[in-house]
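Visitor: Could you take me through one part of this model at close range? I would like to look at a ligand site and what lies around the ligand.

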Amino acid sequence: MEDSTHLFVSPEPFPLESGTSLPQMQVSYCTWGTLNAAGTNVIWVCHALTANADVLTWWPGLFGAGFYYDPADWFIVCANVLGSCYGSTGPLTPAAPGAPAPYQTFPLVTIRDQVAAHELLCQHLGITQIHTLIGGSLGGQQALEWAVQQPALFEHLVVLATSARHSPWGIAFNEAQRMAILADPTYHAATPEGGQAGLQAARAVALLSYRTYDAYGQTQQEETDEKLTDFRASAYQRYQGQKLAARFDAYSYVTLSRAMDSHNLGRERGGAAEALARIRAHTLVLGISSDVLFPPSEQQFLAQHIPGATYAEMDSRYGHDGFLIEVEQIAHHLAQFYATALAQ
Ligand SMILES: CC(=O)SCCNC(=O)CCNC(=O)[C@H](O)C(C)(C)COP(=O)(O)OP(=O)(O)OC[C@H]1O[C@@H](n2cnc3c(N)ncnc32)[C@H](O)[C@@H]1OP(=O)(O)O
Ligand SMILES: N[C@@H](CCO)C(=O)O
């Protein structure tokens, strides 16, 4: 199996939904496997907030040799989203060779802009048919938006722990995280390391929406009744903040959280239900019983309004992040879904 990372550079300035444009736009992407002669074996993966194009690394147990989506059978494509920091154009990318990076002046990027970048890459790769488009969370938002825009392109759509429109609750979590980042004075200095302390705090806030009371209880319980300070849960929050800050930057984080807030399938389409009704792909919506960020009610709404969609719910103690972790359950639901879709 060959892991191949590539760069697609758009030959034209890239227009954004906000009305401005990026003078240059590039997308970093990975592919695995081989496109078959009929062009019918494409699995396109849209990643979530802080991941990258290397789906074999961040979705282990689902993608890779011997797993559900095996590159021996499929041509797997995953692109780093516009606005991120893993090779695609983002706040740390100079607007022109030798120019300074835009940092906090990087323009608003929406989910629709991210999908427009995927669409350009898809055309560049000569892909005219996608067997399955799959994504969770922010990745699910992209997948839904793309499936609404291009109903004929997708045979199957699999979305996990996502929504038709980012909720007030989700926006509030994102705003709390941006407040933490913007309160870090180094953010305003516009350097690659700017806002790192704020970013650590933001990740600690975000984790409260990704996990659950029970998960913290099971993994961070103290073994003694005698402590007054230095709790395990505190160390965990700090560690997770440092872990993200070591691989991400605050400017991209703010950009992607704003993209997430922008998500609304119903914008200029007469509402979310009407937009979802445009989808033609066989669709599986997977919810997670303990997800407090994208609760099952949001998944049920998707399944109710996508024609013929299947809804299934996974039990997980991990909450929202279960979509990255519960790979055996996901594989089980995928097998059932494809079997049913084949029979139709
Ligand atoms: C280059 C790259 O990394 S690519 C990007 C990788 N990440 C992504 O793609 C984003 C998607 N993935 C994720 O969000 C996460 O990896 C998840 C949700 C899948 C799993 O989260 P994790 O942080 O691995 O799991 P979990 O919450 O159990 O935490 C375990 C970590 O916390 C540490 N930890 C646990 N309790 C404590 C504590 N009390 N104090 C300090 N550290 C602690 C563990 O030692 C472990 O550390 P490690 O990650 O260095 O091994
Ligand atoms: N844990 C995920 C965010 C939740 O969708 C990530 O870091 O990308």
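Guide: Here is a walk through the site of ligand 2, with the whole protein and ligand 1 as a setting.

This is a predicted model, in which local features need pLDDT of at least 70 and side-chain atom pairs count only at pLDDT 80 or more, while totals for chains, interfaces and linings use all residues. Residues are numbered from 1 along each chain as its sequence is written, chains are lettered from A and ligands numbered from 1 in the order in which they are written, and side-chain values use heavy atoms, with hydrogens and water left out.

Let us start with the surroundings of ligand 2. Its shell (residues with a heavy atom within 4 Å of it) consists of Ala48, Leu49, Thr50, Ser137, Arg203, Tyr210, His320, Asp321, Phe323 and Leu324. By class, five of these are nonpolar, three polar and two charged (Ala, Val, Leu, Ile, Met, Phe, Trp, Tyr, Cys and Pro count as nonpolar, Asp, Glu, Lys and Arg as charged, and the others, Gly among them, as polar). Two helices, α5 (196-210) and α11 (322-325), each give the shell at least two residues; helices here are DSSP runs of H or I with at least four residues, and strands are runs of E with at least two, numbered from the N terminus.

Now for the polar contacts, meaning pairs of N or O atoms within 3.5 Å. Ser137 places a polar side-chain atom 2.8 Å from an oxygen atom of ligand 2. For the His320 side chain, the distance from an N or O atom to an oxygen atom of the ligand is 3.0 Å. Leu49 takes part through its backbone, with a polar atom 3.4 Å from a ligand oxygen. Taken alone, ligand 2 exposes 260 Å², and the protein buries 94% of that (Shrake-Rupley areas with a 1.4 Å probe).

Stepping back, the protein has twelve helices and ten strands. Its radius of gyration, taken over C-alpha atoms, is 20 Å, close to the 20 Å that the globule rule gives for 344 residues, so the protein is as compact as a globular protein of that length (the rule is 2.2 Å times the number of residues to the power 0.38). The C-alpha trace spans about 60 × 55 × 45 Å along its principal axes.

As for ligand 1, 16 residues surround it, and Arg211, Gln220, Tyr236, Tyr239 and Lys243 come nearest. Helix α7 (residues 232-245) supplies the largest share of that shell, six residues. The side chain of Gln220 has an N or O atom 2.8 Å from a nitrogen atom of ligand 1.

Key
A polar contact is a pair of N or O atoms within 3.5 Å; within protein, one must be able to donate a hydrogen and the other to accept it, and residues adjacent in sequence count only if both atoms are side-chain atoms.
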